[in-house]
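Please look over the sequence and the model shown here before reading the notes on it. The report then takes up the fold and some of its local detail.

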Amino acid sequence: MKHRIQQFAVAAILVGGVVGCSVTPHQDTRYTVQDQFQRSGRFALSVEKNTGERDAVQGGFVWNEQQQRIQLDLNNPMGSVLARVVADEQGAQLHYPNGDIEYAQSADALVAQLLGYELPVEGMKDWLHGQTGSRPVSDLKREQDQIVYFQQDNWRVRLQRYDELGPRLLQMNRTQPSQSFSVRIVVDY
């Protein structure tokens with residue numbers, strides 16, 4: 001049970017916008033692949049199944065991105081490290097404190113492997129930068145030349161409280177027949 005909770009927490013942070021294995025140039029890019037991008041903050045994820053059962057997890061993260069390599073440290077609410085995720089063009093690895101390692105071809109595949117359902121991890125990397133990426137979007141809304149709302153891959157995404165690096169508050173929701181997802185990411189710095 002404890003390992004399942006850790007898997008859920010790790011998947012939550014992956015879902016929370018923090019891991020993507022590919023770096024794709026975007027038309028409105030405000031950074032280059034050579035730049036270092038670092039964010040730290042908190043996340044909360046809840047999944048409500050149509051049976052009424054609910055899973056929820058929260059914690060913290062430290063995200064370091066340089067060129068095509070991403071390292072993500074995941075913390076529980078008390079600050080202890082739950083896991084380290086390393087992703088690059090070769091794939092994704094999840095390192096647990098006990099030495100166990102999970103491998104997958106991509107961050108999306110890693111989440112599917114851990115939880116048994118797919119989540120748009122690769123898209124969330126763009127969302128953390130305040131971008132939509134190359135996949136189709138609908139209901140795109142901007143304020144002061146910043147993206148504040150859109151729908152992509154059946155997710156409703158709201159980006160708020162921008163600083164020079166991107167949004168400091170990300171809220172994502174998705175409803176499907178068997179379950180509903182709600183993700184909230186708060187960037188502290």
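What follows is a report on a predicted model, going from the chain as a whole to single residues.

## The chain as a whole

The chain contains three helices and 11 strands, and along the sequence these elements come in the pattern α-β-β-β-β-β-β-α-α-β-β-β-β-β. Of its 189 residues, 48% count as buried, while the surface that the chain exposes comes to about 9600 Å², with carbon and sulfur atoms supplying 44% of that area.

Contacts over long stretches of sequence can be put in figures as well: where the two residues in contact are at least 6 apart in sequence, 47% of the contacts join residues that are at least 24 apart.

## The sheet and its order

The 11 strands form an open sheet with antiparallel pairing, and the order across the sheet is β6-β5-β4-β3-β2-β1-β11-β10-β9-β8-β7. At the edges stand β6, which covers residues 101-104, and β7, each of which pairs on one side only. From one strand to the next, the twist averages 15°.

At the β6 edge, strand β5 (residues 91-95) runs antiparallel to β6 and is joined to it by four bridges. Within this part of the sheet, His95 stands opposite Ile101 of β6.

## Two hairpins in succession

Strand β1 (residues 36-49) and strand β2 (residues 54-66) run antiparallel and are joined by 13 bridges, with Gly60 in β2 serving as the bridge partner of Arg42. The two strands form a hairpin that leaves four residues between them, and in its turn Gly52 has a positive phi of about 95°.

Strand β2 is also joined to strand β3 (residues 69-75), in this case by seven bridges and again in an antiparallel arrangement; here Asn64 has Gln71 in β3 as its bridge partner. This hairpin has two residues between its strands, and Gln67 in the turn has a positive phi of about 55°.

## Positive phi in two loops

Which residue in the loop between β7 (138-143) and β8 (146-152) deserves a look at its backbone? Asp145 is found in that loop, and its phi is near 65°, a positive value in a residue other than glycine. With a relative accessible area of 66%, Asp145 is exposed.

The loop between β8 and β9 (155-160) holds Asn154, whose phi is likewise positive and near 65°, although this residue is not glycine. Its relative accessibility is 58%, so Asn154 counts as exposed.

## Aromatic pairs

How many aromatic pairs does the structure hold? There are two aromatic pairs. One of them is formed by Trp127 and Phe150 and is edge-to-face, at 5.7 Å centre to centre with 70° between the planes. Because Trp127 lies in helix α3 (residues 121-128) and Phe150 in strand β8, this pair ties together parts that are 23 residues apart in sequence. Both Trp127 and Phe150 are buried.

Trp155 and Phe181 also form a pair, and since their ring centres are 5.7 Å apart while the planes meet at 40°, this pair is tilted. It links distant parts of the chain, as Trp155 belongs to strand β9 and Phe181 to strand β11 (residues 179-187), 26 residues apart. Trp155 has a relative accessible area of 0% and is therefore buried, and Phe181, at 4%, is buried as well.

## Two arginines in the sheet

Is Arg174, in strand β10 (residues 169-175), buried or exposed? Arg174 has a relative accessible area of 16%, and because the cut-off for buried is under 20%, Arg174 counts as buried. Its side chain makes a polar contact with the side chain of Gln176, at 3.3 Å.

Arg158 has its place in strand β9 and, at 37% relative accessibility, counts as partly exposed. Leaving aside residues up to four places away in sequence, Arg158 touches Val148, Tyr149, Leu169, Leu170 and Gln171. Between Arg158 and Arg184 the separation is 26 residues in sequence and 9.7 Å in space, taken from C-alpha to C-alpha.

Notes:
Residues are numbered from 1 along each chain as its sequence is written. This is a predicted model: local features need pLDDT of at least 70, side-chain atom pairs count only at pLDDT 80 or more; totals for chains, interfaces and linings use all residues. Side-chain values use heavy atoms; hydrogens and water are left out. Buried means under 20% relative accessible area, exposed over 50%, partly exposed in between (1.4 Å probe, protein chains only). Rings of Phe, Tyr and Trp (its six-membered ring) pair if their centres lie within 6.5 Å; planes under 30 degrees apart count as stacked, over 60 as edge-to-face and the rest as tilted. Two strands pair if DSSP finds at least two bridges between them. Axes are lines fitted to C-alpha atoms, for helices over the stretch in contact, and angles run from 0 to 180 degrees between N-to-C directions. Contact means heavy atoms within 4.5 Å. Accessible areas come from the Shrake-Rupley method with a 1.4 Å probe; for residues, only the protein chains shown count as cover. A polar contact is a pair of N or O atoms within 3.5 Å; within protein, one must be able to donate a hydrogen and the other to accept it, and residues adjacent in sequence count only if both atoms are side-chain atoms.
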